[in-house]
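Here's a short set of exercises to work through at your desk. Each has a task, then a solution you can follow step by step.

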Amino acid sequence: MSSERDDMRASFVIMVIGLIGVIINLYVLNAVPNLKSFGYAFGSIVMSHTVANLGITGVFSLLVAPITIINPSFHDTYWGKRCGQVLIMFWNAAVFSHLLIAFNRFVSVYWPIKYIRIFDKTVTNITISLAWTLAFAQVFSYFWIECTFGFSTETYTFTFVTTTCGYYIGFIFDYYMSIIMISIIATMDFCTFIKIRILKRQMSSTVQSNQDMSQRVKDIRFFFQAVAQGLVFIGELVSFFSISTMFDDKWPRFGFTTVAWISVHTIDGLIVILFNKDVRHYWRTAVYSYYSNQTAPSTAQIYHSHRAMNAPQISLSQEASGNQSKI
């Protein structure tokens, strides 16, 4: 049985890790679209992935944790179980976005000349929209009470309802679908890695321009960024569905399920920061730009200053003679 003290402990852990994840992913979400190095296609897909991470960390820290403290029994209601539905939707969007990232890196390495045509703005927007549409479609059945995914205050973890529908949505459409997606991602990443090894040999034996060399280095960095994120995803799946089942005590299960789930989407945003120097230093640019705008004179000030400088100067003697003529 859970106690009020245990509820507070679990909620504190969820809220702290979740809020850290919210801050990290908000930073990435603000930095990526302002950096030209990511390009439109890859940058947009990374943003889609980051929005999914932000959604998961936000739901945990701003909904699940406060509800557990204020009114734990609300988790057992129909509307309380909507938290689980939203979390699975964001999880699916994160998986599909990661699949797009892997495919994007695969194309950029194997067909660099055709890359811009394959991943133009239209195709990029359509594929991202399709990923989010599929993510929502997969959780549509969660609106039925026999197909819910709710938070248990006994174990402080999300569990599928023990019904036939719960089995299908939990293991067939969630666990096995995630395994299939991760397998496809791993296969594409492996093929991309092989091609990168071949390209590195070619780069060492041929003379290339600085621009080509820089582009190749960037593609390789983005690839290893995607691989690191994929490994974190695999670790979370193993932790949630396999390792957690080895324990009967609620705290280890809480650690290998809920904490692991929030942590993977916090670390995911952190990986983007660690692998990209321009993202790490973006805050300096943002702060400098902010203070520059604050101290820079406005357009009206410049206009009035310009008029004052070019206005005709009237001496005191001219002014006095003018007054005498009027008299």
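**Exercise 1: the cysteine link**

Task: Work out which hand the link of C147 and C165 has, and where its two ends sit.

Solution:
- Start with the torsion: the link of C147 and C165 has 115° about the S-S bond, which makes it right-handed.
- Next, place the ends: C147 is in the loop between helix 5 (121–138) and strand 1 (149–152), while C165 is in helix 6 (residues 164–205), so the pair ties together parts that are 18 residues apart in sequence. Helices (H or I, at least four residues) and strands (E, at least two) are DSSP runs, numbered from the N terminus.
- Check the distance: S to S is 1.8 Å for C147 and C165, and a disulfide is a pair of cysteine sulfur atoms within 2.5 Å.
- Search the whole structure and you find one disulfide.
- Now look at cover. C147 is buried, at a relative accessible area of 6%. Buried means under 20% relative accessible area, exposed over 50%, and partly exposed in between (1.4 Å probe, protein chains only).
- Two other cysteines for practice: C83 is buried at 8% relative accessibility, whereas C191 is partly exposed at 28%.

Before you go on, some ground rules. This is a predicted model, so local features need pLDDT of at least 70 and side-chain atom pairs count only at pLDDT 80 or more, while totals for chains, interfaces and linings use all residues. Residues are numbered from 1 along each chain as its sequence is written, and side-chain values use heavy atoms, with hydrogens and water left out.

**Exercise 2: the overall layout**

Task: How many helices and strands are in the chain, and in what pattern do they follow?

Solution:
- Count: there are twelve helices and two strands.
- Read along the sequence, and the pattern is α-α-α-α-α-β-β-α-α-α-α-α-α-α.
- Then take the buried share: 43% of the chain's 327 residues count as buried.
- For contacts (heavy atoms within 4.5 Å), take those in the chain with a separation of 6 or more: 80% of them are between residues 24 or more positions apart.

**Exercise 3: the salt bridges**

Task: Find the salt bridges and say which residues they join into one network.

Solution:
- Set the rule: a salt bridge is a side-chain nitrogen of Lys or Arg within 4 Å of a carboxyl oxygen of Asp or Glu. By this rule the count is two.
- One of them is between D6 and R9, at 3.7 Å, N to O. They are three residues apart in helix 1 (residues 4–31), so about one helical turn separates them.
- K250 and D6 make a salt bridge too, at 2.8 Å, N to O. This pair links distant parts of the chain, with K250 in helix 8 (residues 250–275) and D6 in helix 1, 244 residues apart.
- Put them together: shared partners join D6, R9 and K250 into one network.
- Finish with cover: K250 and D6 are both buried, with D6 at 12% relative accessibility, but R9 is partly exposed at 46%.

**Exercise 4: the core**

Task: Describe the largest nonpolar core and list what I14 is in contact with.

Solution:
- A nonpolar core is a set of buried Ala, Val, Leu, Ile, Met, Phe, Trp, Tyr and Cys residues joined through side-chain atoms within 4.5 Å.
- The largest one here has 71 residues, and I14, F38, F60, V64, F158 and W261 have the most contacts inside it.
- Its largest share, 16 residues, comes from helix 3 (residues 82–110).
- Zoom in on I14: apart from neighbours within four places in sequence, I14 is in contact with F60, S61, V64, A65, F151, F254, T258 and I262.

**Exercise 5: a backbone oddity**

Task: What is the phi of Y156, and is Y156 buried or exposed?

Solution:
- Most residues other than glycine have a negative phi.
- Y156 isn't a glycine, yet its phi is positive, about 55°.
- Y156 sits in the loop between strand 1 and strand 2 (157–160).
- Y156 is buried, with a relative accessible area of 0%.
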